[in-house]
Protein chains: 2
Amino acid sequence: MMNSKTAPFKPVATRKIYQYILEQFVNLVSTGVLKPGDKIPSERELAEIFSVSRPSVREALRVLEIIGLIDIQPGGGAYLKEMELGPFLSVIAPLLFSHENFELELLELRELVEMRAAELLPQTLTEEMLVPMRAALSDMRKALEENDKEAGALADIAFHRALVLMSDSFILQKTLELIVSLFEHSVRGGRSVVLERHEDAEQLMKEHQAIYDALLSNDREKARGLLGSHLQMVRNLYICP
Amino acid sequence: MMNSKTAPFKPVATRKIYQYILEQFVNLVSTGVLKPGDKIPSERELAEIFSVSRPSVREALRVLEIIGLIDIQPGGGAYLKEMELGPFLSVIAPLLFSHENFELELLELRELVEMRAAELLPQTLTEEMLVPMRAALSDMRKALEENDKEAGALADIAFHRALVLMSDSFILQKTLELIVSLFEHSVRGGRSVVLERHEDAEQLMKEHQAIYDALLSNDREKARGLLGSHLQMVRNLYICP
DNA sequence: CCTATATAACTGGTATTACCAGTTGACAGA
DNA sequence: TCTGTCAACTGGTAATACCAGTTATATAGG
């Protein structure tokens with residue numbers, strides 16, 4: 001065998017065709033040339049454009065589908081969308097959730113993220129910044145009145161999303177999205193997010209309202225304290241439902 | 001168009017063939033039937049086993065490759081491995097790093113994770129628990145003497161990995177892995193992890209040593225404080241290199 | 001007998017072709 | 001105008017072939 005010292009050559013990287021196609025797509029998306037909603041040419045057209053066979057194109061599209069960058073409608077076509085990790089997570093979820101206590105640890109991580117987001121809130125909160133949070137709050141109130149637990153859970157998530165959004169930290173937002181997605185893919189996820197007892201939902205609603213009020217009066221410290229106890233209560237609800 | 005209220009039917013979910021294959025693989029891995037190192041039957045065999053065509057098998061394998069669950073050697077075969085997010089991240093990295101300050105925010109998230117891990121350390125630290133950390137420390141010392149910056153960076157990561165490992169929090173470990181992987185895929189990543197100035201490396205080394213010493217004497221509070229200032233310094237080094 | 005080389009039987013990568021099932025839109029008939 | 005049909009798409013799947021590698025075996029040389 002030839003020693004690397006005698007032959008100072010570097011291995012020639014041989015990438016597969018689908019990787020080149022993938023790279024082009026990702027680059028076009030990240031540079032903004034391709035935007036969500038855009039329609040992707042048909043597989044046959046792409047094969048011709050890239051001068052490759054249709055299977056190669058399909059492998060690239062398969063990956064784009066898994067990373068949640070395109071939506072493929074059989075008979076229709078493929079459309080770009082805002083990247084979402086759902087499809088990917090639904091594949092690897094069984095691997096993650098085989099670990100004991102994973103969901104509880106997820107909640108703890110969420111606590112960490114949101115408490116940090118609360119620290120990073122801007123000095124002064126304008127009325128405008130609070131709009132998404134207020135919307136989530138009113139949604140939650142309506143859901144509570146109509147006893148629509150599904151909508152209530154969604155509004156709950158929207159509230160916390162709105163909070164992290166105000167922190168203006170890209171990575172905290174992404175991390176929260178990841179946590180939420182993971183929770184949705186958990187075994188108990190679908191049910192545990194939806195509160196069974198009406199009084200619990202009402203209690204959570206009040207806590208959200210209190211946090212919002214504190215933020216409205218620009219008392220960030222108070223809001224952070226309320227958020228902390230709120231998250232702790234959510235965790236308790238999860239442990240003993 | 002038929003209203004959903006007049007027709008209480010639910011859409012018939014039509015899953016694609018590759019998804020069924022994918023599901024079987026993931027389930028077999030998560031239940032431990034298939035383990036890392038196992039060789040996967042050839043594409044032709046799998047096609048026969050599943051009674052599908054080879055392209056369908058290939059699409060499933062393509063996804064398994066992207067999620068980093070198998071290693072495909074052209075001409076050789078496909079082997080299962082411990083799941084790693086590298087291949088997946090290398091695809092979506094351009095999408096994430098198009099955001100300004102993403103790397104800095106990554107460091108901040110790491111700070112959050114490690115500080116939390118330091119909180120979760122067990123009450124009493126046995127000699128055994130500290131073995132990985134001590135190993136990383138000695139690696140770092142050796143790398144410093146030999147002026148091997150590459151090895152030094154690796155040992156640095158290993159040190160922090162060892163710290164989070166002691167927290168016994170699965171999700172914190174996974175989150176740190178994610179952060180490290182993301183950093184490796186960043187544009188500056190490869191270079192910025194490697195310190196240029198020798199005196200900086202020596203300084204970091206001393207701080208690591210101090211953290212280790214504090215843990216060895218079971219002074220968790222002191223260790224946590226040292227870790228905090230250490231991480232802050234790393235961030236400063238990153239901002240003004 | 002042992003080693004080295006050549007050969008054969010694999011492997012995955014890619015291309016080609018074909019057919020099916022579903023969607024879509026235009027067009028003709030009521 | 002509405003409705004049904006039909007043609008031209010779309011993606012999903014299959015079958016087949018060939019190439020370029022690897023691996024194992026067998027064979028020829030020492």
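The dialogue below takes up a predicted model of protein chains A and B with DNA strands C and D, and asks on what grounds its features are named.

User: What conventions and confidence limits apply to this model?

Analyst: Residues are numbered from 1 along each chain as its sequence is written, while chains are lettered from A and ligands numbered from 1 in the order in which they are written. The model is predicted, with local features needing pLDDT of at least 70 and side-chain atom pairs counting only at pLDDT 80 or more, whereas totals for chains, interfaces and linings use all residues; side-chain values use heavy atoms, with hydrogens and water left out.

User: How do you know how many residues of chain A are in contact with chain B?

Analyst: Contact means heavy atoms within 4.5 Å, and 40 residues of chain A are in contact with 40 residues of chain B.

User: What makes up the area buried between chain A and chain B?

Analyst: Buried area is the accessible area, taken with a 1.4 Å probe, that two parts lose on being put together, summed over both. For chain A and chain B this comes to about 3,700 Å², with carbon and sulfur atoms giving 76% of it. Of the area that chain A buries against chain B, 17% is supplied by A:Leu95, A:Phe170 and A:Ile171, more than by any other three residues.

User: Why is the pair B:Arg58 and A:Glu59 called a salt bridge?

Analyst: The term requires a side-chain nitrogen of Lys or Arg within 4 Å of a carboxyl oxygen of Asp or Glu. The closest N and O atoms of B:Arg58 and A:Glu59 are 3.1 Å apart, so the pair satisfies the cut-off. Across the interface of chain A and chain B the rule finds six salt bridges. It also finds 12 residue pairs in polar contact there, both residues being at pLDDT 80 or more; a polar contact is a pair of N or O atoms within 3.5 Å, where within protein one must be able to donate a hydrogen and the other to accept it, and residues adjacent in sequence count only if both atoms are side-chain atoms.

User: Which elements give two or more residues to the side of chain A that touches chain B?

Analyst: They are α1 (17–30), α3 (54–66), α4 (86–96), α5 (102–119) and α8 (170–184) of chain A, the helices being DSSP runs of H or I with at least four residues, and strands runs of E with at least two, numbered from the N terminus. The most comes from α5(A), with seven residues.

User: What makes a residue count as near DNA strand C, and which are the closest?

Analyst: A residue is near a strand if one of its heavy atoms lies within 4 Å of it. By that rule 23 residues surround DNA strand C, the closest being A:Lys16, A:Ile17, A:Ser56, B:Arg54 and B:Arg58. Sugar or phosphate holds 67% of the atoms of DNA strand C within 4 Å of the protein, and the rest belong to bases.

User: How do you know that B:Arg54 makes a polar contact with a base of DNA strand C?

Analyst: A polar side-chain atom of B:Arg54 lies 2.9 Å from a base nitrogen of DNA strand C, so the distance falls within the 3.5 Å limit. A phosphate oxygen of the strand is also 2.9 Å from a polar backbone atom of A:Ser53, and a phosphate oxygen is 3.4 Å from an N or O atom in the side chain of B:Glu45.

User: What surrounds DNA strand D, and which of its atoms are contacted?

Analyst: There are 21 residues around DNA strand D, of which A:Arg54, A:Arg58, B:Lys16, B:Ile17 and B:Ser53 come nearest; sugar and phosphate account for 69% of the strand's atoms that come within 4 Å of the protein. Base nitrogens lie 3.0 Å from a polar side-chain atom of A:Arg44 and 2.9 Å from an N or O atom in the side chain of A:Arg54, while a backbone N or O atom of B:Ser53 lies 2.9 Å from a phosphate oxygen.

User: Why are β1 and β2 of chain A said to stand at the edges?

Analyst: Two strands pair if DSSP finds at least two bridges between them. In chain A three strands form an open, antiparallel sheet in the order β1-β3-β2; β1 (39–40) and β2 (70–72) each have a single partner strand, so one side of each is left without a neighbour in the sheet. The pairing of β2(A) with β3 (residues 78–80) of chain A runs over three bridges, and A:Asp71 has A:Tyr79 in β3(A) as its bridge partner.
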